[in-house]
Amino acid sequence: MPASPSTARAINDRLALRLLQQEGPLTAGQLKQLTGLSRPTVSDLVERLTVSGLIRVVGESGEQRRGPNARLYGIAADRAHLAALDVRTGGVLVLVSDLVGRVLAEVAVPIDAGSGTGPAVEQAVAAVEEAARKAGPDAWAGLHTVGIGAPGLVDPATGDLRDSSGLPAWHRSLVAALQRRLPEARVTVENETNLAALAEQREGAARDRDTFVLLWLGHGVGAAVVLDGRLRRGASGGTGEIGFLPVPGTGSLPSATDCDGGFHALAGAAAIGTLAREHGLPAEAPPDGPGAARLVAQAVTTGDAPAARFLDTLADRLAIGTAAVTAILDPGCVVLGGEIGQAGGEALATRVAARLARLSPLPTEVRPGTLGGTAVLRGALLTARDRAQDELFAP
C-alpha cells in the first residue's frame, strides 16, 4: 500500500537529514538531485525542517547565480550537545560534541579507586561537567545524550553494567550518578570493545566490511563480533570475552572469576611485557596497555633480530586465539585493535595472518586497527550521536 502523506513526509525528512549529516551543507538543488524528489517536495521539506529548528542556512554555494537557489542548508549543530566517556580502570576520558559530532571539549581525569566508590564517581561526574563547561554555555545548560564505554559485561536486557570481578566498583555506580546529575539526558553504557568495533567499522579499518571480528589488544584482551552489519552481544552480553578462552601455553585454566589462565595470560599487556624482557627488550614491569603498545612499536621500528623474534612469538600467541574465533565464526576479516594492534601495524598483522593460514583452512584477512586507543571514545560518541539524531530527527 502507498505510504500516507504524513509517513511520506517523515521518510523524506529523514532522508534529507541523513544526506546533510553525510555530505555536509547542501543547496535545495543538490538535495533534489541526491534524493530524486521533485522540486516542490524538496522546497516543502526544507521549509518544514527549518521551521522545526533542525536545519538552517549556513552560507551560499560558490555558484555565479545568487539568491534563494544558492543557499546552503546544514544541520543545526547546536540543537543538542553530546558527551562521550571512555571509562578505564584508572581514570576517565570525556569529550563533548555538538549534534553532528564536532568535538568541542576534552577532559582526562585519573581516578584512584582506593579513595572509595563515592569519591571516585564524583570525580568522574565532575569531569563530565568540566568538559561541558569548556564546550560552552549551551552544552553546560544541558547535555542531550551521554554515551559511555566501559570494560565488563553489559546486560542486554537492562542495559546495565554487570558486576565483574577485577573491575572497580565505581564503574557500576557511574551511570546512575550521571542520570541523577543530568535528569534530562539519555545515558547509555556499552562494552568498550563493542564500541571500538563500531568505530573501526564506521571510521577505521573495517569500513568495507559488514562481517568481521575486532580483537582488542590493550591492558587486557577482548573481542567484538559484527555479523551481517549487526553487533552481536550474546544472551548475557558476554560475546567476545576472549580473555577467558582456554588455550595451550598458559600452564593453567581460567576460572569464572579469573582469566589469568586463559588467552589473557598470553596476550594481555603484562604478558607482552614479560615476553619482551625474555627477548632482551627493555620493558617496565608490568606495563599497561599504552606501555605494551610502546614496546611493540619499538620492536617494529628497531627491526633487529631480538625485536623480530619478539614479534614472531607475539604473533604465534595472537594466532592461537584468533584461530579459535575464526573456527567458530568464519568472519573473513580480523582487525587487531586497541593500542597494541595499532602499534604493531602491518608488521604484526602480516605475521598473525601467516600463522593463522597454517592453523585454519578458512581464508581470513588480518588488518591492523587504525584508531587505536581512541576507538572506544569515538564509538561512544557515534552511539550518542546516533541516539540523539534518531530522537530529534523523528517526525
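Let's start with one acidic side chain: Asp316 has a relative accessible area of 37%, so it is partly exposed. Keep in mind as we go that this is a predicted model.

Asp316 meets the side chain of Arg355 in a salt bridge, with 2.5 Å from N to O. Because Asp316 sits in helix α11 and Arg355 in helix α12, the pair ties together parts that lie 39 residues apart in sequence. Arg355 also forms a salt bridge with Asp312, this one at 3.4 Å from N to O. Here too distant parts of the chain are linked: Asp312 belongs to helix α11 (residues 305-329) and Arg355 to helix α12 (residues 338-359), 43 residues apart. How do the two partners in this second pair sit, buried or exposed or in between? Arg355 has 14% relative accessibility, so it counts as buried, because the cut-off for buried is under 20%. Asp312, at 26%, counts as partly exposed.

These contacts belong to a wider set, since a search of the whole structure finds 20 salt bridges. Another of them joins Glu122 and Arg181, whose closest N and O atoms are 3.0 Å apart. That pair also links distant parts of the chain, with Glu122 in helix α4 (residues 117-135) and Arg181 in helix α6, 59 residues apart. Both ends count as partly exposed: Glu122 has 40% relative accessibility, and Arg181 has 36%.

Helix α6 now takes us to the sheet. The sheet is open and has five strands in the order β5-β4-β3-β6-β7, with mixed pairing. At its edges are β5 (103-110) and β7 (186-191), each pairing on one side only. From one strand to the next, the twist averages 15°.

Look next at the β7 side. Strand β6 (residues 145-150) pairs with β7 in the parallel sense, over six bridges. If you would like a residue to find on screen, try Gly149, whose bridge partner in β7 is Glu190.

Two helices can be placed against these strands. Helix α6 (residues 169-181) lies across β3 (81-88), β4 (91-98), β6 and β7, and runs at about 165° to β3. Helix α7 (residues 192-203) packs on the sheet as well, touching β3, β6 and β7, and its direction makes about 95° with that of β7. So, coming back to the salt bridge we met earlier, Arg181 is in helix α6, the helix that lies across four named strands, β3, β4, β6 and β7.

Terms used
Residues numbered from 1 in each chain as written. Predicted model: local features only at pLDDT ≥ 70, side-chain atom pairs only at ≥ 80, totals over all residues. Heavy atoms only, no water. Pairing = 2+ DSSP bridges. Axes fitted to C-alpha atoms, helices over the stretch in contact; angles between N-to-C directions. Contact = heavy atoms within 4.5 Å. Salt bridge = Lys/Arg side-chain N within 4 Å of Asp/Glu carboxyl O. Buried < 20%, exposed > 50% of the residue type's maximum accessible area, 1.4 Å probe, protein only.
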